[in-house]
Amino acid sequence: MCRWRIRASCGAHALFGARTLTLKHALSKGVRRYHVTPILCQRAKVAMSQFEPDECIQYEKLEKNINIVRKRLDHPLTLSEKIVYGHLEDPVKQDIQRGKTYLRLRPDRVAMQDATAQMAMLQFISSGLPKVAVPSTIHCDHLIEAQLGGEKDLRRAKDINQEVYNFLASAGAKYGVGFWKPGSGIIHQIILENYSYPGVMLIGTDSHTPNGGGLGGICIGVGGADAVDVMAGIPWELKCPKVIGVKLTGKLSGWSSPKDVILKVAGILTVKGGTGAIIEYHGPGVDSISCTGMATICNMGAEIGATTSIFPYNHRMKKYLTKTGRAEIANLADEFQEHLKPDPGCTYDQLIEINLDELKPLINGPFTPDLAHTVDEIGTVAQQEEVGRVDDIRVGLIGSCTNSSYEDMGRSAAVAKQALAHGVKCKSQFTITPGSEQIRATIERDGYAKTLRDVGGVVLANACGPCIGQWDRKDIKKGEKNTIVTSYNRNFTGRNDANPETHAFVTSPEIVTALSLAGSLKFNPEVDFLTGSDGKKFKLEAPDADELPKLDFDPGQDTYQYPPKDGSNQHVDVSPTSQRLQLLEPFDKWDGKDLEDLLILIKVKGKCTTDHISAAGPWLKFRGHLDNISNNLLIGAINIENDKANSVRNSLNQEFGPVPDTARYYKKHGVQWVVVGDENYGEGSSREHAALEPRHLGGRAIIVKSFARIHETNLKKQGLLPLTFADPADYDKIHPVDKLSIVGLKDFAPGKPLKCVIKHPNGSQETIVLNHTFNETQIEWFKAGSALNRMKELQKH
């Protein structure tokens, strides 16, 4: 296969053999370009990626800002602080207080997956701006449903999603956004292979964007409206994060894997323990983890509510950068490495220590990713549970953005190869999701894919698939109790297959493979035996595999579309009769009055993730059509009044009905409403539809005990009031039949609580205090009706 290696200064010509070609011409030959060497810009500068030769890494600026802030604060800095503060818009004047002040930041780039990119690009179109201000990309990975296998599923997805893919491709071309076509792979794997690098600040419209922390970057999941701000060249606001240190000692060995590190941390911190903080891994144990293993750990940090997670630059990252054609970035990082690791003596807001020598393989679940068990105890735990969980494993699934690297596939194949040598195949169904086209092509070449097929596996498309509910499951009926084990990141109720009775557990790919061979949760590969086809018992050895291929990666098919230099003549079509896409209408401005006599749409009982608020799976096809997707509003949330999902009282006619129908009824009759919720409301995915939908259907406020970070910001962006009980016990004072008035809005100010008057049906009233985290800018969003409305107001001045 032809390999291009092109070197030049920024904007100059590239020399290939005896021919001098312009860079644009050289890169237009249709050759897969994963192995193009990044373009040397000038002394000590290198292109951010091979796809954007004129956009250079700004380490000098990072260094300058770090030095300014270090002098101001007069204390050693954590790595997280260095990269975050290194991207401040104004490092001289910015007020910096961990956990308190809002920072104005200038991220280096934006990435969007296809499900969230639809709404993000629709919002960007509404902004009226001609082109994005920072390098940005769209990745088609969410809309491919797992049914029959990779090639067939990809063909089907291209057919049924053609309208959406055409919209995203044409919008990308018009506004200067790179477009990764369906089949290219999962957004986070593509970012790791091409766009993340030590010291980068990247925001992505997916909650698992922190995956890029495996390459030493600050990569943060956000809603689409945040992405629009950055693409519009507006400073991005982030509450100054606290920093939780995780010191790793010892060395991973045996069946223990990088996945077990984050499963252990999740068990310690729980699903909300990382909220408002960056998780910073450090210590001598870091060097025993591969770059892609570090990415796994950072990826699943989203499950503990962390703003992001990060590792310091080391030789494992350099090895990965070099293998993925970015040796110049690695060499540049070497020169600036003092800024890519924490200062000696820096302090953390919380410190956790994990000895990797003592870490055992873990399996977390069901129904929440922070319920940690060791593999040797999970079978006993399963038997003792009263929920009726079954021990037999119906399906084992490996891959997803969390665990789909070459090393992951190799370790799983190593387990499968041992079984095949004894004539054993999987007792459970078994599926494999490669992380990218590059991973797929390489594991095919190196025989891993064949081994996994031979043991009974089905290789799915390079996409999210079952991890996000894109799974056309035929082996069970809805409501049937069953168990699945995955190497994914989330296992909320109904997350993978929309069946509330599926007990999903998350663990490492090699443990999934071993359990799938045995077909039972009771199997512990460290001590238990399997029976070969000859009747003899054998024990699986702990897997060993290369972290990177011995040969170069096989880049596979070319799936990237460059945006043209000038896309002003590109047409972007959205049909007014489309059921998939809908241009946005601006939300109404605040009328300057307190919010009086709001009805309670639902008082939510217990956990309420963004999957409960705006389900994925079959609803993904409506992500570009706000009115259609609003028909899934809160259909998974449990109503405290009757312990049912999608059944709420209509306070105007006293009839019970679906949540979206009730919200539409209120909207039709000009009645505004609120939602009352519990702890960590909105945890999980970054999907801003969970904020857009209540706003679209007439909601004005969400009042809860506590919020997940991304969802709280998304609500603010859309002109809603995310409010928290000053006294969490006040949750119990509100009944679904009450009316609520939110007062004090005329004096709405940062740090000043609002009051809520609870009006009971018997005529009695009581007043409680509600806190908020709005700053001055965010209050302007509320007054304007949304952040997008405010952006347009500012453009007029």
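# Exercises on a predicted structure

K318 counts as partly exposed, at 29% relative accessibility. The model used here is predicted.

## Exercise 1: the partner of K318

Task: Find which residue forms a salt bridge with K318, and say where the two lie in the chain.

Solution.
Step 1. The partner is D334, and the closest N and O atoms are 2.5 Å apart. The cut-off for a salt bridge is 4 Å, so this pair qualifies.
Step 2. D334 sits in helix α12 (residues 327-335), while K318 sits in helix α11 (residues 315-323). They are 16 residues apart, and the pair links distant parts of the chain.
Step 3. D334 has a relative accessible area of 24%, which means that it is partly exposed.
Step 4. Put the pair in context: the whole structure holds 41 salt bridges.

## Exercise 2: two more salt bridges

Task: Work out which residue R695 meets in a salt bridge, and decide whether R695 is buried or exposed.

Solution.
Step 1. The side chain of R695 meets that of D588, at 3.1 Å from N to O. R695 belongs to helix α21, and D588 to the loop between β25 (560-561) and β26 (595-603). The two residues are 107 residues apart.
Step 2. R695 has a relative accessible area of 4%, so it is buried. D588 has 45% and is partly exposed.
Step 3. Try another pair. D627 and R664 meet in a salt bridge at 3.0 Å, N to O. D627 lies in helix α19 (residues 626-629) and R664 in helix α20 (residues 659-668), 37 residues apart.
Step 4. Check the exposure of this pair. D627 is partly exposed, with a relative accessible area of 25%. R664 is also partly exposed, at 25%.

## Exercise 3: the helix that holds R695

Task: State how many residues of helix α21 are buried, and what follows the helix.

Solution.
Step 1. Helix α21 spans residues 689-696, and eight of its eight residues are buried.
Step 2. Among them are H689, L692, E693 and P694.
Step 3. Move past the end of α21. There G698 follows, with a positive phi near 105 degrees.

## Exercise 4: strand β33 and its neighbours

Task: Describe how β33 is covered, and name the strands joined to it by bridges.

Solution.
Step 1. Strand β33 covers residues 721-725. Five of its five residues are buried, so the rest of the structure largely encloses it.
Step 2. Split the strand by side. L721, L723 and F725 point one way, and P722 and T724 point the other way.
Step 3. Look for parallel pairing. Strand β32 (residues 699-704) runs parallel to β33, with four bridges. V704 has T724 as its bridge partner.
Step 4. Look for antiparallel pairing. Strand β36 (residues 765-771) runs antiparallel to β33, with two bridges. Here T724 stands opposite N771.
Step 5. Add the helix. β32, helix α22 (residues 709-717) and β33 form a right-handed β-α-β unit.

## Exercise 5: the barrel

Task: Give the order in which seven strands close into a barrel.

Solution.
Step 1. The order is β26-β31-β32-β33-β36-β35-β34, with mixed pairing.
Step 2. On average, neighbouring strands of this sheet are turned by 40 degrees against each other, direction ignored.
Step 3. Pick one pair. Strand β35 (residues 754-759) and β36 are antiparallel over six bridges. One example is I758, whose bridge partner in β36 is E766.

## Exercise 6: a strand with both faces covered

Task: Say which residues lie on each side of strand β9, and which strands pair with β9.

Solution.
Step 1. Strand β9 spans residues 201-204. M201 and I203 are on one side, L202 and G204 on the other, and all are buried.
Step 2. Strand β6 (residues 109-113) pairs with β9 in the parallel sense over three bridges. R109 stands opposite L202.
Step 3. Strand β10 (residues 218-221) pairs with β9 in the parallel sense over four bridges. M201 has I218 as its bridge partner.

## Exercise 7: two cysteines

Task: Explain why C467 is not bonded to C401.

Solution.
Step 1. The structure holds zero disulfides. For C401, the nearest cysteine sulfur is that of C467, 5.6 Å away.
Step 2. A disulfide needs sulfur atoms within 2.5 Å, so 5.6 Å is too far for a bond.
Step 3. Check the surroundings. C401 is buried, at 10% relative accessible area. C467 is buried too, at 4% relative accessibility.

Notes:
Residues numbered from 1 in each chain as written. Predicted model: local features only at pLDDT ≥ 70, side-chain atom pairs only at ≥ 80, totals over all residues. Heavy atoms only, no water. Buried < 20%, exposed > 50% of the residue type's maximum accessible area, 1.4 Å probe, protein only. Pairing = 2+ DSSP bridges. Right-handed = clockwise from strand over helix to strand, strands pointing away. Axes fitted to C-alpha atoms, helices over the stretch in contact; angles between N-to-C directions.
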